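Me: I have a chain in front of me and would like to read its features one at a time. Can we start with how contacts are defined?

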Amino acid sequence: MLLLNINQNHINMRKICFLTALVAVALLSGCKSQPKEPSALDVIMTRTSIRSFTGDPVTQDQLETILKAGMAAPSAINLQPWKFVVMTDKDKIAGTFGNNPRGADMFTKAGAVIVVCGDTSSMFWFEDCSAAAENILLAAHALNLGAVWTAGYPAQDRVKPVSEALNLPENIVPLCIIPVGVPAEDPQPKDKWNPSNIHYEKW
Ligand SMILES: Cc1cc2nc3c(=O)[nH]c(=O)nc-3n(C[C@H](O)[C@H](O)[C@H](O)COP(=O)(O)O)c2cc1C
């Protein structure tokens, strides 16, 4: 009887050692193969405008993730007055933005251009669509892509040609034009922390 107990204990110890080793190996290999995902705060604090792209495409999956992030933005009484014109056709992008005096390359070398538009029949379209645009910039960065907000509304010299080229209905206004692509530059995020912009309790 005693001999049987000793034998059983021995077997149990071996089992425990084996399982512990298995867990340790699994944990270690997990640490090695999966780099830590950046937190939401990391993404916010490290985003910076990217204006130079390799010309490589952005996948449909990436675009959908980015657009989902745009549509996850808050909006007044949840009206979601945003519309997105997504362009991936290089010729169409060049035809629409290729003459941009402030840097045609920014558009023609992007993998996609997202025109964030607002339905002006909604009172807070400007605010809602701005929140969507920021989410788009952050999502692109989270996917290791680059993006930059380029001006649309209210600059009429930008709004008019884009509205015409994209055949936008009267009540739909392009708020901003966001080229998205594989970055060909790696600028440092700007340090914008400025405590003098903060007033606690009262101005
Ligand atoms: C309303 C708005 C309009 C902008 N228009 C342009 C633009 O037309 N062209 C451009 O290259 N960047 C444009 N930007 C990007 C800003 O220049 C950029 O956000 C700013 O310099 C801060 O740099 P960061 O985005 O790297 O933090 C715009 C940004 C905003 C919010």
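Reply: Two residues are in contact if their C-beta atoms, placed from the backbone, lie within 7 Å. Take Ser52: leaving out residues up to four places away in sequence, Ser52 touches Ala184 and Glu185. The C-alpha atoms of Ser52 and Ala184 are separated by 5.2 Å, although the two residues are 132 apart along the chain.

Me: What should I know about the model and its numbering?

Reply: This is a predicted model: local features need pLDDT of at least 70, side-chain atom pairs count only at pLDDT 80 or more, and totals for chains, interfaces and linings use all residues. Residues are numbered from 1 along each chain as its sequence is written.

Me: What pLDDT does the chain average, and which elements have the lowest and highest mean?

Reply: pLDDT is the predictor's confidence in each residue, from 0 to 100. The chain averages 90, and 83% of the residues score at least 70. Among the elements, helix H1 (residues 2-33) has the lowest mean, 56. Helix H6 (residues 125-142) has the highest, 99. Where pLDDT is low, the predicted coordinates should not be read in detail.

Me: How many helices and strands does the chain have?

Reply: Helices (H or I, at least four residues) and strands (E, at least two) are DSSP runs, numbered from the N terminus. Here there are seven helices and five strands. Along the sequence the pattern is α-α-α-β-α-α-β-α-β-β-α-β.

Me: Is Ser52 buried or exposed?

Reply: Count other C-beta atoms, placed from the backbone, within 10 Å of the residue's own: 20 or more is buried, 12 or fewer is exposed, and in between is partly exposed. Ser52 is partly exposed because it has 17 such neighbours. Ser52 sits in the loop between H2 and H3. Pro57 is in the loop between helix H2 (40-46) and helix H3 (60-71). Pro57 is partly exposed, with 15 other C-beta atoms within 10 Å. The C-alpha atoms of Pro57 and Gly181 are 6.9 Å apart, across 124 residues of chain. Over the 203 residues of the chain, 27% count as buried.

Me: How do I check the span of H6?

Reply: The expected span is 1.5 Å times one less than the number of residues. For the 18 residues of H6 that gives 26 Å; the end C-alpha atoms are 25 Å apart, which agrees. Asn144 follows H6 and has a positive phi, near 65°.

Me: What do the buried residues of H6 pack against?

Reply: An α-helix has 3.6 residues a turn, so residues three or four places apart point the same way. The buried residues of H6 include Trp125, Asp128, Cys129, Ala132 and Ala133. Their partners are H2, H3, strand S1 (82-87), strand S2 (112-119), strand S3 (146-147) and strand S5 (172-181).

Me: Which strands pair with S5?

Reply: Two strands pair if DSSP finds at least two bridges between them. S2 and S5 run antiparallel, joined by eight bridges. There, Val113 has Pro179 as its bridge partner. S3 pairs antiparallel with S5 over two bridges, and Ala147 stands opposite Val180. Strand S4 (residues 150-151) is also antiparallel to S5, with two bridges; Ala151 stands opposite Cys176.

Me: Why is S5 described as largely enclosed?

Reply: Ten of the ten residues of S5 are buried, so the rest of the structure largely encloses it.
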